[in-house]
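Please open the model in your viewer and keep the selection panel at hand, since each stop on this tour begins with something to select.

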Amino acid sequence: QVQLVESGGGLVQPGGSLRLSCVASGSIFGANDMGWWRQAPGKQRELVASITSLGRTNYADSVKGRFTISRTNAKNTVYLQMNSLKPDDTAVYYCNVVIIRAGVRLPRHDWGQGTQVTVSS
C-alpha cells in the first residue's frame, strides 16, 4: 500500500502563489502516473492535474495556464505550482497514483490527509 503525504498548503490572497508537494512511499514511484485532486466544501473531489511517468501533463480547464504539475522521481515527489490563485481554488488538495479505466483518470490508493489551500483577502 502506498502512503501519500501532502504539504505546502496555507492561506494566500487572491493572485498569490503556492507550491504543494506530495511524497509517495511504498511503490515504484517513477513507473506511476500521478495526479492532484481537490475537494471544496460541499463539492465532489475533482482531478485538477496529472502527469505521466514520462512527464506528459494534463490539466482541468479551470486551472489550465495557472497550475503546473511536475515530479522528481529521485525524491518520490510530485509538485503542484499554483499561480494566480482565485477564491474558487479554495479546497483540500490531495495527490494519488493515477489509473485509467475506460478513458477516465481515477485514484488508485487510499487518500492521504490532504493539504488545505485557502484563497481569501
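Start with aspartate 61 in this predicted model, a residue that is exposed, with a relative accessible area of 66%. Add lysine 64, which is partly exposed at 48%, and you will find the two side chains meeting in a salt bridge, with 3.1 Å from N to O.

Next, select aspartate 89 and arginine 66, whose side chains also form a salt bridge, here at 2.7 Å from N to O. Because aspartate 89 sits in the loop between β8 and β9 while arginine 66 sits in the loop between β6 (57-59) and β7, this pair ties together parts that are 23 residues apart in sequence. Both aspartate 89 and arginine 66 are buried.

Keep that pair displayed and add arginine 38 and glutamate 46, which form a salt bridge whose closest N and O atoms are 2.7 Å apart. Arginine 38 counts as buried, because its relative accessibility is 6%, whereas glutamate 46 is partly exposed at 33%. Together, Arg38, Glu46, Arg66 and Asp89 are linked in a network of salt bridges.

Now turn to the largest nonpolar core, which has 29 residues, and select those with the most contacts inside it: Met34, Trp36, Ile69, Val78, Leu80, Met82 and Tyr93. Centre the view on valine 78, whose contacts beyond four places in sequence include Phe29, Met34, Trp36, Ile51, Ile69 and Cys95.

Finish at strand β1 (residues 3-7), where Leu4 and Glu6 point to one face and are buried, while Gln3, Val5 and Ser7 point to the other and are not. Strand β1 runs antiparallel to β3, joined by 5 bridges, and glutamate 6 stands opposite cysteine 22 in β3.

Definitions and conventions: Residues numbered from 1 in each chain as written. Predicted model: local features only at pLDDT ≥ 70, side-chain atom pairs only at ≥ 80, totals over all residues. Heavy atoms only, no water. Core = buried A, V, L, I, M, F, W, Y, C linked by side-chain atoms within 4.5 Å. Buried < 20%, exposed > 50% of the residue type's maximum accessible area, 1.4 Å probe, protein only. Contact = heavy atoms within 4.5 Å. Helix = DSSP H or I, 4+ residues; strand = E, 2+ residues; numbered from the N terminus. Pairing = 2+ DSSP bridges. Salt bridge = Lys/Arg side-chain N within 4 Å of Asp/Glu carboxyl O.
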